[in-house]
Amino acid sequence: MSEHPPPSASPAPPPHVGDIQAHALAELERISGLTEELGARFASAGEELYLVGGPVRDAMLGRISHDLDFTTSARPETTERLLKGWADALWDMGRAFGTIGCRKGDWQVEITTYRSEAYDPDSRKPAVDFGDSLVGDLGRRDFTVNAMAVAVPGNRVEDPYGGVVDLAQGVLRTPGRPEDSFSDDPLRMMRAARFAAQLGFAVDPAVQEAMTAMSGRIAIVSAERVRDELVKLVCAPYPRLGLTLLVATGLADHVLPELPALALERDEHFRHKDVYEHTLTVLEQSIDLEDRLPGGGPDFVSRFAALMHDVGKPRTRRLAEDGTVTFHHHDVVGAKITRKRMKALRFSNDDIDAVAHLVELHLRFHGYGSGEWTDSAVRRYVRDAGDQLARLHMLTRADCTTRNKRKADRLRRTYDELEERIHLLEQQEELASIRPDLDGNQIMEILGVGPGREVGEAYRFLLELRMDNGPMTPEDAEAALREWWTSRP
C-alpha cells in the first residue's frame, strides 16, 4: 500500500577520493582538541596512538559519532595510567581484550592495544594476542575500509591496505586473503553482509566466493554474536543488499534458513516471482512506513516481523484440485517457526513475543472485507493487537505488493477506513485499556463469593460483553452478571 519508493532500494553512489579526503579533514578538525590532547599524553610516554576503524571510515564519509576507537602500542595498564586524571570516568571491562574505556565530556573513548586474534577450530570465542605494530593490527581487521588509521597528534592518515580507494569505489575487501580472515573470525562473513547493508557497498567477488565456500564455518560462532550482527543488518539503510548476500552465499542456510526456503514457494496468486521476493518488498515497504512510529525508525521488531511474516508458507503449501496453491494457517504456523528461530538466536522474550504476535496477526485484516466488521470485531482487533497495534498497521499495509493499482488503492482505502473506525472508538471507549465495566472486587461483592475460579469466569464473561456491546452502565453490567450467574450449569 506504500506510495513511496522504499529507502533501501537505491544506495547513493560512493564519494570520490577527493571528497573523502575533504570530509575526513573537516570531521577530524571537529575533534582535534580531544585527539591532540590525548595523543600528546601517549607521545610523552613514548607510546603510539591512532584513531582507527569505524570512526576513521565515517569521518571519510563526512560524519563522525561521539564514540571514538583508538589503537595504541601501550599495554592496558599503561593506557589506564595515562587516562587517569584526564578522563571524566574510566572502565576496564574489556581489559582481557586489551581495551580500556573512558568518557571525556560528551565523548565515549575506547583504546585498545595493538592485537591479533584467531579462532580455535573448536572454540566459540577468539583467542587474543597483543601485537607490536600498527600495520599488523590493521591487517587483522575485517575489511580495508575499516583498516585505516589516523595518527594523533598530527592527523596523518595510515592506509596500508587501500581502504580509501575501496571506500571511493564502494567495495568491501579484506586486508589479506578472505579465506584467512574468515578462518580467523567467521563472524566477519556476517559483517560483510551487515556492512553491505549499512554502507550500500558491493562485496568483492573473492570475498563472496570465500563466504560461499566457508559458510558452514559460521556454526562455530555463538548465537548471541550472530544475532547482534543480524539486528544491525536488518536495521541498516539497505537491508535487502545484506539479506540477498546471506542467501546467495549460503550463510542464511545456517543463521536464518527460513528466508532462503521462501524462494522455493510461488505466491498463491502467482502475481510474484516467489514468496522470497515478496518478503523483501514487504520489508522495504515496512521501512517506508516507520515514520508512523514514535521516534521513527529503524525499528527492528517491525522489520523482522515483515521478514518473517510468510515463513509458514513452505510448511503449509497445498495444491488444490483446481491447480491453485493454498497456504492455509501459515500465519499460525509462521508464528511458531518465528518463535523457534528467535529463541535459537537468543533474542529477548519481549522481542520474540512482539515479532511472533505480529506474524500471527498479519492476515487478520483480510477478514474485514469491504467494512463488514461490527464494532465488536474492531474492538477485538485492537484488543488482540495490544501494544503492537501501530506495528500491525504498518505490517498489514506493507504486505500489499500487488501490481494492480486499482486493487492496491482499494486495499489502502479500506485500511484507512478501519484505522479511522479504530480512532473513533478509541476516543469514545479508551480501547487501548479496554476492560470489563465491573472489576474483581465488585464481582465478588455482587455474587457473594471470594477469590477463585468463578471470579475469573465472571470477569471473562463481562469482558466479552464489553467487546460485543461497548461500554455499559454499572447497573446494566450488574444485571447482566446476575443473569449469567443464575443461568450457569
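**Figure 1. Secondary structure and overall dimensions of the chain.** In this predicted model, the chain forms 24 helices and 13 strands. Its C-alpha atoms fill a box of roughly 90 × 60 × 45 Å along the principal axes. The chain has 489 residues, of which 50% count as buried. Contacts between residues at least 6 apart in sequence were also examined, and 68% of them join residues at least 24 apart. The accessible surface comes to about 22,600 Å². Carbon and sulfur atoms contribute 49% of that surface. The chain carries 61 positive and 80 negative charges, and the mean positions of the two sets are 3 Å apart.

**Figure 2. Helix H24 and its buried side.** Helix H24 comprises the 13 residues 474-486. At 1.5 Å a residue, a helix of 13 residues should span 18 Å, and the end C-alpha atoms of H24 are indeed 18 Å apart, so the two values agree. The buried residues shown in H24 are Ala-477, Ala-480, Leu-481 and Trp-484. Because these residues cover an arc of only 100 degrees around the axis, they lie on the same side of H24. This buried group packs against helix H22, residues 440-447, and helix H23, residues 453-469. The face of H24 turned away from the buried side carries Glu-475, Glu-483 and Thr-486, which are exposed.

**Figure 3. Helix H17 and the helices around its buried residues.** Helix H17 covers residues 330-344. From its first C-alpha to its last, this helix of 15 residues reaches 21 Å, close to the 21 Å expected at 1.5 Å a residue. The buried residues of H17 are His-330, Asp-331, Gly-334, Ala-335, Ile-337, Thr-338, Arg-341 and Met-342. They pack against several helices, among them H12 (252-255), H13 (258-261) and H15 (300-308). Further packing partners of these buried residues are H16 (313-316) and H18.

**Figure 4. Arg-346 in the loop after helix H17.** Arg-346 lies in the loop that connects H17 with helix H18, residues 349-361. Just after H17, this arginine takes a positive phi of about 65 degrees. The positive value occurs here in a residue other than glycine. Arg-346 has a relative accessibility of 46% and therefore counts as partly exposed.

**Figure 5. The loop between strands E8 and E9.** Strand E8 covers residues 149-151 and strand E9 covers residues 156-158, with Pro-153 in the loop between them. Val-152 and Pro-153 are joined by a cis peptide bond, for which omega is about 0 degrees. Asn-155 is found in the loop between E8 and E9. Although Asn-155 is not a glycine, its phi is positive, at about 55 degrees. With a relative accessible area of 23%, Asn-155 is partly exposed. When its neighbours within four places in sequence are left aside, Asn-155 is in contact with Leu-28, Glu-36 and Val-150. Asn-155 is also paired here with Ala-236 as a distance marker: the two residues are 81 apart in sequence, and their C-alpha atoms are 30 Å apart in space.

**Figure 6. Ala-45 in the loop between helix H2 and strand E1.** Helix H2 covers residues 32-44 and strand E1 covers residues 49-52, and Ala-45 is found in the loop between them. The relative accessible area of Ala-45 is 33%, so this alanine is partly exposed. Leu-389 is 344 residues from Ala-45 in sequence, and the two C-alpha atoms lie 58 Å apart in space.

**Figure 7. Ser-116 in strand E6.** Ser-116 belongs to strand E6, which covers residues 115-119. At 33% relative accessibility, this serine counts as partly exposed. Between the C-alpha atoms of Ser-116 and Lys-313 the separation is 45 Å, and the two residues are 197 apart along the chain.

Technical notes
Residues are numbered from 1 along each chain as its sequence is written. This is a predicted model: local features need pLDDT of at least 70, side-chain atom pairs count only at pLDDT 80 or more; totals for chains, interfaces and linings use all residues. Side-chain values use heavy atoms; hydrogens and water are left out. Helices (H or I, at least four residues) and strands (E, at least two) are DSSP runs, numbered from the N terminus. The expected span of a helix is 1.5 Å times one less than its number of residues. Buried means under 20% relative accessible area, exposed over 50%, partly exposed in between (1.4 Å probe, protein chains only). The arc is that of the directions from the helix axis to the C-beta atoms. Contact means heavy atoms within 4.5 Å. Accessible areas come from the Shrake-Rupley method with a 1.4 Å probe; for residues, only the protein chains shown count as cover. Lys and Arg count as positive and Asp and Glu as negative; His and the chain ends are not counted. The place of a charge is taken as NZ of Lys, CZ of Arg, CG of Asp or CD of Glu.
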